[in-house]
Amino acid sequence: MPSPESEFFYASSIQDLEKKQWNDCVGYDHPFTRYEFLAALETSKSACIKSGWQPHHYVEIDKEKNILAVCPLYIKNHSFGEYIFDHSWAQAYHRYGLNYYPKIQSAIPFTPVTGERIIVNKFIKNISNKRLSIINHIIEETKKLNVSSVHFNFICNPKKWNLNKKLMIRQGIQFHWKNNNYKTFDDFLITLSSRKRKLIKKERQCIKNNNLVVRLLNGDDIKEEHIDFFYECYLNTTGKKWGSKYLTKKFFSELLENFRDKILLIIALKSNKMIASAINFLSSTHLYGRLWGAKYEVPFLHFELCYYQAIEYAIKNKIKIVEAGAQGEHKLQRGYMPQKIWSLHWIKDQQFSKAIEQYLDEETKLLNNQKESLEQFAPYKNSN
């Protein structure tokens, strides 16, 4: 239970809470846990009951109504937009005549980025105990509701959680680029094998070969016309890839209005006409590549806008890590190395919980082997 000086509740909308109080608790650096980002998802109807993301945020407050801790939570009736894939679990439930949905999900909708999921105000003395207490509250809420399970996606190192033994750890892999104090892009290239260095130089010629210009926009440099064009590109990509869009135009418009300092928009132009765009988000330590699209195909332009421009920006601005989104082994030869990611899961049905735990044990062994195998193909000189 919370201390006598605090109480907790579940908010059906982040808009029921004060922006400053939320941000004072979660901090202002990580873009995806900020009030502005989560509120834009809700007000734009990108994350709502109709889209299958019903907000059910955990909030703990003190007697003065100050926020002590939060956990972004959603009641889900599908598994789309999560990037931690549990469709096989849902299918197994269905085969046995049981309902896997709804479930409770702690995640940033449509955003496969590691970050804190249970966020405790930095003034709390024993953060580990508080985090464990909140996990127990959320599990109890899961037991009360007509849901099958609770999932915490893209968590930071699970050792920090002072783990409740009922939670199962799941491991995954993403590809991240690390800035080893490079001064220039050429400094980075020098660390690669000759073959990989030549590959990247060849791919980067796509700008010159197609008479393109690349512009990087942040903050007030981003205008409505740029966001309008990016959204056209986004629709073009989602239409080809998935046949549906997750994020609405209003979502990006609200970010432009309230959050533009956290956005890095990269645009390619030909004869002063925009032809492709990639949107990124910034913290003091990370550049997060999220979405991209183009009006027509230009060979290697995707790599240039999404990977190489991101690396150049990170070097210039002394950003430590570039995260280029989910999956993608093709990132390896472009300097992005495999990194472990984690999620935590609690399953209400004990029989299925045991079966899933056994599955996760085997999956972890396979993923560890996969990571070691991938590292053998790293493009860096000292990795061969």
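This passage walks through the helices, salt bridges, empty spaces and backbone oddities of one predicted model.

A good place to start is helix H2, which runs over residues 35-43. Here 9 of the 9 residues are buried, so H2 is largely enclosed by the rest of the structure. The buried set is made up of Tyr35, Glu36, Phe37, Leu38, Ala39, Ala40, Leu41, Glu42 and Thr43. Several elements help to cover these residues, and they come from quite separate stretches of numbering: helix H1 (19-26), strand E2 (53-55), strand E3 (57-62), strand E5 (74-76), helix H9 (249-258) and strand E12 (273-282) are among them. After H2 comes Lys45, and its phi is positive, near 65°.

Helix H4 covers residues 127-144. With 18 residues at 1.5 Å a residue, H4 should span 26 Å, and its end C-alpha atoms are indeed 26 Å apart, so expectation and model agree. The buried residues of H4 are a mixed bag: Lys130, Arg131, Ser133, Ile134, Ile135, His137, Ile138, Ile139, Glu141 and Thr142. In helix H8 (residues 224-241) sits Thr238, which counts as buried because its relative accessibility is 3%, under the 20% limit. Thr238 and Leu291 are 53 residues apart along the chain, yet their C-alpha atoms are separated by 9.7 Å.

Turning to charged pairs, the structure holds 18 salt bridges. Glu82 takes part in two of those described here. One joins the side chain of Glu82 to that of Lys76, at 2.4 Å from N to O. Both ends are tucked away: Glu82 has a relative accessible area of 3%, and Lys76 has 0%. The other pairs Glu82 with Lys103, where the closest N and O atoms are 3.0 Å apart. This second pair links distant parts of the chain, with Glu82 in the loop between E5 and helix H3 (87-95) and Lys103 in strand E6 (residues 103-106), 21 residues apart. Glu82 and Lys103 are both buried.

A further salt bridge brings together the side chains of Arg204 and Glu304, with 2.7 Å from N to O. Arg204 belongs to helix H6 (residues 194-204) and Glu304 to helix H10 (residues 301-316), so this pair ties together parts that are 100 residues apart in sequence. Again both partners, Arg204 and Glu304, are buried. As for the bridges that share partners, they join Lys76, Glu82, Asp86 and Lys103 into one network.

Next come the empty spaces. A search of the whole structure turns up 2 cavities of 30 Å³ or more. The largest cavity has a volume of about 60 Å³. Its lining consists of Phe32, Phe37, Pro109, Phe110, Thr111, Leu247, Phe251, Phe252, Phe281, Arg290 and Leu291. Two elements, H9 and E13, give two or more residues each to this lining. By class, the lining of the largest cavity has 9 nonpolar, 1 polar and 1 charged residues. Two of the lining residues have come up before: Phe37 is one of the buried residues of H2, and Leu291 is the partner of Thr238 in the C-alpha separation given above.

The second largest pocket has a volume of about 500 Å³. It is lined by 21 residues, and those lying nearest its centre are His176, His286, Ile321, Glu323 and Gln339. Four strands supply at least two lining residues each: E9 (168-178), E13 (286-294), E14 (321-323) and E15 (337-347). The largest share, 5 residues, comes from E15. Sorted by class, the lining of this pocket has 8 nonpolar, 9 polar and 4 charged residues.

Finally, a few spots stand out along the backbone. The peptide bond from Tyr101 to Pro102 is cis, with omega near 5°, and Pro102 lies in the loop between H3 and E6. Ser271 is not a glycine, but its phi is positive, at about 55°. Asn272 is also not a glycine and has a positive phi of about 65°. Ser271 falls in the loop between strand E11 (263-270) and E12, and the place of Asn272 is in the loop between E11 and E12 as well. Ser271 counts as exposed at 68% relative accessibility, and Asn272 is exposed with a relative accessible area of 76%.

Technical notes:
Residues are numbered from 1 along each chain as its sequence is written. This is a predicted model: local features need pLDDT of at least 70, side-chain atom pairs count only at pLDDT 80 or more; totals for chains, interfaces and linings use all residues. Side-chain values use heavy atoms; hydrogens and water are left out. On a 1 Å grid over the protein atoms alone, a cavity is a set of points where a 1.4 Å probe fits but cannot get out, and a pocket is an open set with protein on both sides within 12 Å along at least five of seven lines; lining residues have an atom within 4 Å of a point. Grid points are joined across faces, edges and corners, and a volume is the space filled by probe spheres set on the points. Ala, Val, Leu, Ile, Met, Phe, Trp, Tyr, Cys and Pro count as nonpolar, Asp, Glu, Lys and Arg as charged, and the others, Gly among them, as polar. The expected span of a helix is 1.5 Å times one less than its number of residues. Buried means under 20% relative accessible area, exposed over 50%, partly exposed in between (1.4 Å probe, protein chains only). Contact means heavy atoms within 4.5 Å. A salt bridge is a side-chain nitrogen of Lys or Arg within 4 Å of a carboxyl oxygen of Asp or Glu.
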